[in-house]
Amino acid sequence: MSPPVFLNQLGLVCALGSGKQEVARALFADTVSGVASHDGFADRPLHVGLVTSPLAAQDALPPSQHSRNNALLLTALAQIRPEVDAALARFGPARVAVVLGTSTSGIGESEKAMASHLATGELPARFHLHQQELGSPALALAHVVGAKGPAYVISTACSSSAKALASAARMLRAGSVDAVLTGGVDSLCRFTVAGFRALDSVSEERCNPMSAHRHGINIGEAAALFLMTREPGPVRLSGWGESSDAHHISAPEPHGKGAMAAIQEALKRAGLAPEQVDYVNLHGTATVQNDAMETRAVHALLGPGVKASSTKPLTGHTLGAAGALEAAFAYLTLVDNPEGHLPGHFWDGAVDDSLPALSLVKPGESLGRPVKSVLSNSFAFGGSNAALVLERA
């Protein structure tokens with residue numbers, strides 16, 4: 001029997017704030033916060049999930065790895081650094097790995113460099129192509145903490161960091177390493193926003209998941225970082241499932257077949273029946289096709305009674321960081337939460353009658369008991385699907 005793996009520590013920063021306590025207060029509040037209108041990301045103000053908390057200095061990094069992406073990651077690291085250092089001392093640097101998910105890496109720095117080049121004919125002195133390499137976050141993190149085990153990044157769009165957690169768990173179960181720093185990070189920039197606007201997928205107002213009036217996403221940024229080991233901790237990553245639709249480059253398979261396959265695999269690995277899931281953190285992007293597909297999949301597998309919500313109106317869609325960030329929300333739902341408070345589903349309440357009904361969490365709602373298990377969904381372009389099951393240990 002494979003050994004269980006645990007999420008021992010959590011550091012995070014997103015539009016809701018920095019650190020577990022600040023984020024939890026906003027996550028379980030009955031009023032909406034986080035996403036707000038900001039200039040600088042398009043030709044007009046847009047609602048985005050911008051991190052406004054102070055970010056960590058990057059003095060420990062070479063200039064070639066300086067980026068907003070890595071500053072977000074180091075901010076999350078700082079919250080758990082003592083426990084990370086203790087794990088390195090306990091296991092040895094060669095037995096500690098780094099596995100992260102991202103989709104932007106340092107492309108924001110390249111965007112600024114190109115703007116400077118167009119204006120002056122020269123690239124900024126501090127710009128380096130290594131800043132935009134997808135592997136930069138893992139290399140930066142390993143450099144700062146001194147980890148010598150495998151260090152790599154998974155980049156499969158919006159399922160990236162959910163798949164990173166699954167990959168980290170597999171390494172631990174195989175005995176390849178004894179600890180993994182795992183999670184995800186992505187940062188806001190005009191390039192990303194422009195790409196989604198080209199697909200007519202961006203909402204200029206706060207996004208409206210599962211509504212009959214939904215019409216697009218808000219882009220966000222975040223970093224969520226876990227210390228994962230086989231040592232008992234507060235949360236167990238008990239299941240994960242992955243699948244590929246191969247249906248369309250950007251549209252999901254409309255009936256949710258790939259999503260259902262990932263969810264079924266995650267539940268099977270966790271040894272849970274559908275009725276044992278207390279809460280589902282929906283991918284819930286507020287696009288027409290994603291919400292329709294996911295609603296059908298969750299209803300078909302878990303029924304209409306399971307509590308569910310999308311947290312993207314609070315944080316925006318953090319793309320490659322979304323899987324880890326929403327796993328972090330699952331962690332906060334499972335730990336130090338005796339009343340079973342659930343993340344609220346903020347929308348206009350306009351039911352889409354073409355879809356099966358789900359029991360969407362009312363802001364401020366709770367189970368009235370500790371939450372035992374959470375399913376977190378992540379569905380990406382190209383039909384790359386991932387589902388995680390987290391349980392209170």
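For the charges in these exercises, Lys and Arg count as positive and Asp and Glu as negative, while His and the chain ends are not counted. The place of a charge is NZ of Lys, CZ of Arg, CG of Asp or CD of Glu.

The structure is a predicted model, in which local features need pLDDT of at least 70 and side-chain atom pairs count only at pLDDT 80 or more, whereas totals for chains, interfaces and linings use all residues. Residues are numbered from 1 along each chain as its sequence is written, and side-chain values use heavy atoms, with hydrogens and water left out.

**Exercise 1. The whole chain**

Task: State how far apart the mean positions of the positive and negative charges are, and describe the size and cover of the chain.

Solution:
- Step 1. The chain has 29 positive and 34 negative charges, and their mean positions lie 6 Å apart.
- Step 2. Secondary structure amounts to 11 helices and 14 strands; these are DSSP runs numbered from the N terminus (helices: H or I, at least four residues; strands: E, at least two).
- Step 3. The chain is as compact as a globular protein of 393 residues, because its radius of gyration is 20 Å, close to the 21 Å from the globule rule. The radius is taken over C-alpha atoms, and the rule is 2.2 Å times the number of residues to the power 0.38.
- Step 4. The C-alpha trace spans about 55 × 50 × 40 Å along its principal axes.
- Step 5. Of the 393 residues, 59% are buried (buried: under 20% relative accessible area; exposed: over 50%; partly exposed in between; 1.4 Å probe, protein chains only).
- Step 6. Among contacts (heavy atoms within 4.5 Å) with a separation of 6 or more, 80% join residues 24 or more positions apart.

**Exercise 2. Helix α5**

Task: Decide whether α5 is mostly covered or mostly open, and find what its buried residues pack against.

Solution:
- Step 1. Helix α5 covers residues 136-145, and 8 of its 10 residues are buried, so the helix is mostly covered.
- Step 2. The buried residues are S136, P137, A138, A140, L141, A142, V144 and V145.
- Step 3. These residues pack against helices α2 (68-78) and α3 (81-91), and against strands β5 (96-101), β6 (151-154), β7 (179-186) and β8 (222-229).
- Step 4. Just after α5 comes G146, with a positive phi of about 85 degrees.

**Exercise 3. Two serines**

Task: For S160 and S243, find the element of each and the polar partners of each side chain.

Solution:
- Step 1. S160 is in helix α6 (residues 160-174) and counts as buried because its relative accessibility is 0%.
- Step 2. The side chain of S160 reaches the backbone nitrogen of T156 at 2.7 Å and the backbone oxygen of A157 at 2.5 Å. A polar contact is a pair of N or O atoms within 3.5 Å; within protein, one must be able to donate a hydrogen and the other to accept it, and residues adjacent in sequence count only if both atoms are side-chain atoms.
- Step 3. Beyond four places in sequence, S160 touches G101, T102, I154, S155 and G320. G320 is 160 residues away along the chain, yet the two C-alpha atoms are separated by 5.0 Å.
- Step 4. S243 is in strand β9 (residues 235-244) and is buried at 15% relative accessibility.
- Step 5. The side chain of S243 reaches the backbone oxygen of G258 at 2.5 Å. Contacts of S243 outside four places in sequence include A259, A261 and G383.

**Exercise 4. A lysine**

Task: Determine whether K312 is buried or exposed, and which side chain it pairs with.

Solution:
- Step 1. K312 lies in helix α10 (residues 312-315).
- Step 2. Its relative accessible area is 0%, so K312 is buried.
- Step 3. The side chains of K312 and E326 form a polar contact of 2.7 Å.
- Step 4. Leaving aside neighbours within four places, K312 is also in contact with residues including V35, C207, L282 and H317.

**Exercise 5. Positive phi**

Task: Place M210 and A246 in the chain and say whether each is buried or exposed.

Solution:
- Step 1. Most residues other than glycine have a negative phi.
- Step 2. M210, not a glycine, has a positive phi of about 70 degrees; A246 has a positive phi near 50 degrees.
- Step 3. M210 lies in the loop between α7 (190-198) and β8, and A246 in the loop between β9 and α8 (257-270).
- Step 4. M210 is buried at 7% relative accessibility, whereas A246 is exposed at 68%.
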